Amino acid sequence: MRDAHGGKRSEGGTGAGAPRSSGGGPAPRRDRREQTRLALLTAAERLWAERGIHGASLDDIAAAAGLTKGAVYSNFAGKTDLLLALMERITSDRTRPGFCDELRAAGEDADRTGRPSRRRDADDGPRRLALLLVEFWLYGMRDYAAGWRIADWYAERRARLAGELEPADGIAPADRAALTLALDFGLAFQHLLDPARVPADLYTTGKTLMQAPITPPNGS
């Protein structure tokens, strides 16, 4: 029998494999809930990157996490809520725009033709993140309720970056932030498709050009 979080429980109501606190009692319900949420988010991240958001149902995600569909609805209001929670999870530690830093680190393992090394194949985080961001964007374009919430996420990112910039060459910080994000995502997607001709370190050059004040030709 399974509880509201999708975990198995015994006739006495305590799961046979339930973790216990250091004091010997059952782990708090909140801890079990967090474990369930983490399992669902991890499964959603993998399946949505592999199959797309419309290619993996909530049933698929629950099964991949070893849970029931009821566990999904006891933790998330629906697919959009799960999507936004995943979006927040994978980007919450990224205080600067984008993931080109991660791409450059992965690029250090690539040979001169741009082909990834075995280690990069084993840890394909940048590619998975790019696939998820594209899926999020497409989902938001097709679903109005999700779209405005995803747009708010982008707006928050732009505002954070704009706070670090100064007006330059008549371009407001907010506009410079929007252009920088466009460079970040656009260049990353190009690099993942064609790493040999679009190296990840090109991002540094582009960001410098985008954010640095332009000096007039006469030096005045």
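The following legends describe close-up views of a predicted model.

Residues are numbered from 1 along each chain as its sequence is written, and side-chain values use heavy atoms, with hydrogens and water left out. Because the model is predicted, local features need pLDDT of at least 70 and side-chain atom pairs count only at pLDDT 80 or more, whereas totals for chains, interfaces and linings use all residues.

**View 1. Aromatic cluster of W153, Y154 and F185**

The structure holds two aromatic pairs. Rings of Phe, Tyr and Trp (its six-membered ring) pair if their centres lie within 6.5 Å; planes under 30 degrees apart count as stacked, over 60 as edge-to-face and the rest as tilted. W153 and Y154 form an edge-to-face pair, with 4.7 Å from centre to centre and 80° between the planes. The ring centres of Y154 and F185 are 5.8 Å apart and their planes stand at 80°, so this pair is edge-to-face. Y154 belongs to helix α8 (residues 144-162) and F185 to helix α9 (residues 173-193), so the pair ties together parts that are 31 residues apart in sequence. Helices (H or I, at least four residues) and strands (E, at least two) are DSSP runs, numbered from the N terminus. W153 and Y154 are both buried, and Y154 and F185 are both buried. Buried means under 20% relative accessible area, exposed over 50%, and partly exposed in between (1.4 Å probe, protein chains only).

**View 2. Helix α1 and the helices against which its buried residues pack**

Helix α1 covers residues 29-51. At 1.5 Å a residue, its 23 residues should span 33 Å, and the end C-alpha atoms are 32 Å apart, which agrees. The expected span of a helix is 1.5 Å times one less than its number of residues. The buried residues of α1 are T36, L40, L41, A43, A44, E45, L47, W48 and A49. These buried residues pack against α2 (58-64), α3, α4 (79-91) and α7 (125-142). Contact means heavy atoms within 4.5 Å. Just after α1, G52 takes a positive phi of about 90°.

**View 3. Helix α7 and its buried residues**

The 18 residues of α7 should span 26 Å at 1.5 Å a residue, and the end C-alpha atoms are 26 Å apart, which agrees. The buried residues of α7 are P126, L129, A130, L132, L133, E135, F136, Y139 and G140. One of these, Y139, is touched by T80, a residue shown in View 5.

**View 4. Surroundings of Y73 in helix α3**

Y73 is found in helix α3, which comprises residues 69-73. At 45% relative accessibility, Y73 counts as partly exposed. Leaving aside its neighbours within four places in sequence, Y73 is in contact with L58 and G78. The C-alpha atoms of Y73 and L58 are separated by 9.3 Å, and these two residues are 15 residues apart along the chain.

**View 5. Surroundings of T80 in helix α4**

T80 has its place in helix α4. With a relative accessible area of 17%, T80 is buried. Not counting residues up to four places away in sequence, T80 touches Y139, D143, A146 and R149.

**View 6. The salt bridge between R89 and E45**

Side chains of opposite charge can pair when their charged atoms come close. A salt bridge is a side-chain nitrogen of Lys or Arg within 4 Å of a carboxyl oxygen of Asp or Glu. By this rule the count comes to six salt bridges. In the bridge between R89 and E45, the closest N and O atoms are 3.6 Å apart. The pair links distant parts of the chain, with R89 in helix α4 and E45 in helix α1, 44 residues apart. R89 is partly exposed, with a relative accessible area of 32%, whereas E45 is buried at 17%.

**View 7. The salt bridge between R46 and E50**

The side chains of R46 and E50 meet in a salt bridge of 3.8 Å, N to O. Both residues lie in helix α1, four residues apart, about one turn of the helix. R46 is partly exposed, with a relative accessible area of 32%, and E50 is exposed, with a relative accessible area of 52%.

**View 8. The salt bridge between R197 and D194**

R197 forms a salt bridge with D194, and the closest N and O atoms are 2.7 Å apart. At 69% relative accessibility, R197 counts as exposed. D194 is partly exposed, with a relative accessible area of 21%.
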